[in-house]
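User: Please take a close look at the space left inside this model and at what surrounds it. A connected account would suit me better than a list.

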Amino acid sequence: MKFTDTELEEILNKLVASTRSPRGRFSATDSYPKLEKRLKSHTRHLTLIRTFSAAAAVALLCLSVWTAYLYMQPAAIQTVSTLAETRTVRLPDGSSVMLNHYSSLSYPEKFKSDKREVELNGEAYFEISKDKKHPFIVQTETMDIQVLGTHFNVDAYQNNPDVKTTLLSGSVAVSNKSKSVRVILKPNEIAIYNKVEEKLTRKVLENVEDEISWRQGEFIFDDLPLQEIARELSNSFGATIHIADTTLQNYRITARFRDGEDLATILSVLHNAGYFNYSQNNKQIIITAKPD
């Protein structure tokens, strides 16, 4: 049986009064030992409750400290790289990234901060899950691209003089590392940052899908300078392509390869079309002008 402090006080009063009871119903001699026993039991009960509460509080504190410690630890960084293939990566937030040939993407195994940051070397197409409270940031060697939720493509191969960001839907902010230049893109626009001149320009594209044709294994050269075509082929096939005749570097070519042709086939077609001559030694390709 359990007694409250008020009930114990009433019992004590009855015991005091019992010394005058003619029938000895509440005899002091008999009642005090019983009361003392009950008081000790009541005290032990309160002590156990307080001890348990204190232990629970300590356990909860330890758990909170451990949880905070784990949260503050930097997340392990994972890096996914491609060679002569493309690859799709699923990020911790559910976003999807498709890597082009000879590209790499580094990202934490779990996004813990208020930003979702990844690092890209090469080219990739991003489909980002919307999260206004946690902006998504793609870091390249010279540029940062910040988005909330959108579809876009980033071409940031290290050997290219330009970093290109193409927006298909949504909105992105493109800036250099110092934040001295910055543009906000709308769908069907491309931002081109020249690494040498440190200049950022924005253009409207007529066929934005051409910029991501590599996802289907296609090459679409729409009035492109030969030096740009050579860089794209080099990045895609891991070959070194050198234009020996500098007068050919800005020679513009329009061509489309939609059937997954290999490098040898593409070079042969361009050669037979009368654009240039070339020689190949393993993965070293030298392009020269055709004699008059």
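Analyst: In this predicted model, helix H3 (226-237) and helix H4 (263-272) each put at least two residues into the lining of the largest cavity. The contribution of H3 is the greatest, at 4 residues. The full lining consists of Leu226, Ile229, Ala230, Leu233, Ile241, Leu267, Leu270, Phe276 and Ile287. Sorted by class, these are 9 nonpolar residues, with no polar and no charged ones. The space in the largest cavity comes to about 30 Å³, and the count of cavities of 30 Å³ or more is 1.

The wall of the cavity can be followed further through Ile287. The C-alpha atom of Ile287 is 5.8 Å from that of Asn277, although 10 residues separate the two along the chain. Asn277 belongs to strand E17 (residues 277-281). Beyond its neighbours within four places in sequence, Asn277 is in contact with His271, Ile286, Ile287, Thr288, Ala289, Lys290 and Pro291. Asn277 counts as partly exposed because its relative accessibility is 22%, and the limit for buried is under 20%.

The largest pocket is a separate matter, with about 1000 Å³ of space. Its lining has 39 residues, and those nearest its centre are Lys164, Ile190, Glu211, Leu224 and Glu228. Helix H3 takes part here too: along with strand E8 (151-156), strand E9 (162-169), strand E12 (189-194), strand E13 (199-204) and strand E14 (219-225), H3 supplies at least two residues of the pocket lining. H3 therefore contributes to the linings of both the largest cavity and the largest pocket. The largest share of the pocket lining is that of E14, with 7 residues. By class, the pocket lining holds 12 nonpolar, 10 polar and 17 charged residues, whereas the cavity lining has no charged and no polar residues. The pocket lies between domain 2 (77-210) and domain 3 (217-289), because both domains give residues to its lining.

Two of the strands that line the pocket are flanked by loop residues with positive phi. Asn188 sits in the loop between strand E11 (182-185) and E12, and its phi is near 75 degrees. Glu198 is in the loop between E12 and E13, with a phi of about 55 degrees. Neither value is the common case, because most residues other than glycine have a negative phi. The two residues also fall into separate accessibility classes. Asn188 has a relative accessibility of 34% and so counts as partly exposed. Glu198, at 54%, counts as exposed, because the limit for that class is over 50%.

The filled parts of the model complete the account. The largest nonpolar core has 30 residues, and the ones with the most contacts inside it are Leu91, Leu105, Val118, Phe126, Phe136, Phe152 and Val174. Strand E5 (residues 116-127) gives this core 4 residues, the most of any element. Apart from this core there is another, of 21 residues, and its members include Phe221, Leu226, Ile241 and Ile243. Among these members, Leu226 and Ile241 are also listed in the lining of the largest cavity. Nonpolar side chains tend to be buried together in soluble globular proteins.

Within the largest core, Leu105 shows what the packing looks like for one residue. Not counting neighbours within four places in sequence, the contacts of Leu105 are Gln78, Thr79, Val80, Leu91, Val97, Leu99, Val118, Glu119, Leu120 and Phe126. Phe126 turns up again among the contacts of Ser96, which, with the same neighbours left aside, are Thr88, Val89, Arg90, Tyr125, Phe126 and Glu127. Ser96 lies in strand E3 (residues 96-99). At a relative accessible area of 14%, Ser96 is buried.

For the protein chain as a whole, 38% of the 292 residues count as buried. The chain is built with 4 helices and 18 strands. Of the contacts between residues at least 6 apart in sequence, 45% join residues at least 24 apart.

Key: Residues numbered from 1 in each chain as written. Predicted model: local features only at pLDDT ≥ 70, side-chain atom pairs only at ≥ 80, totals over all residues. Heavy atoms only, no water. Core = buried A, V, L, I, M, F, W, Y, C linked by side-chain atoms within 4.5 Å. Buried < 20%, exposed > 50% of the residue type's maximum accessible area, 1.4 Å probe, protein only. Contact = heavy atoms within 4.5 Å. 1 Å grid on protein atoms, 1.4 Å probe; cavity = no way out; pocket = protein on both sides within 12 Å on 5 of 7 lines; lining within 4 Å. Points joined across faces, edges and corners; volume = space filled by probe spheres on them. Nonpolar A, V, L, I, M, F, W, Y, C, P; charged D, E, K, R; others polar. Domains from an automatic or database assignment.
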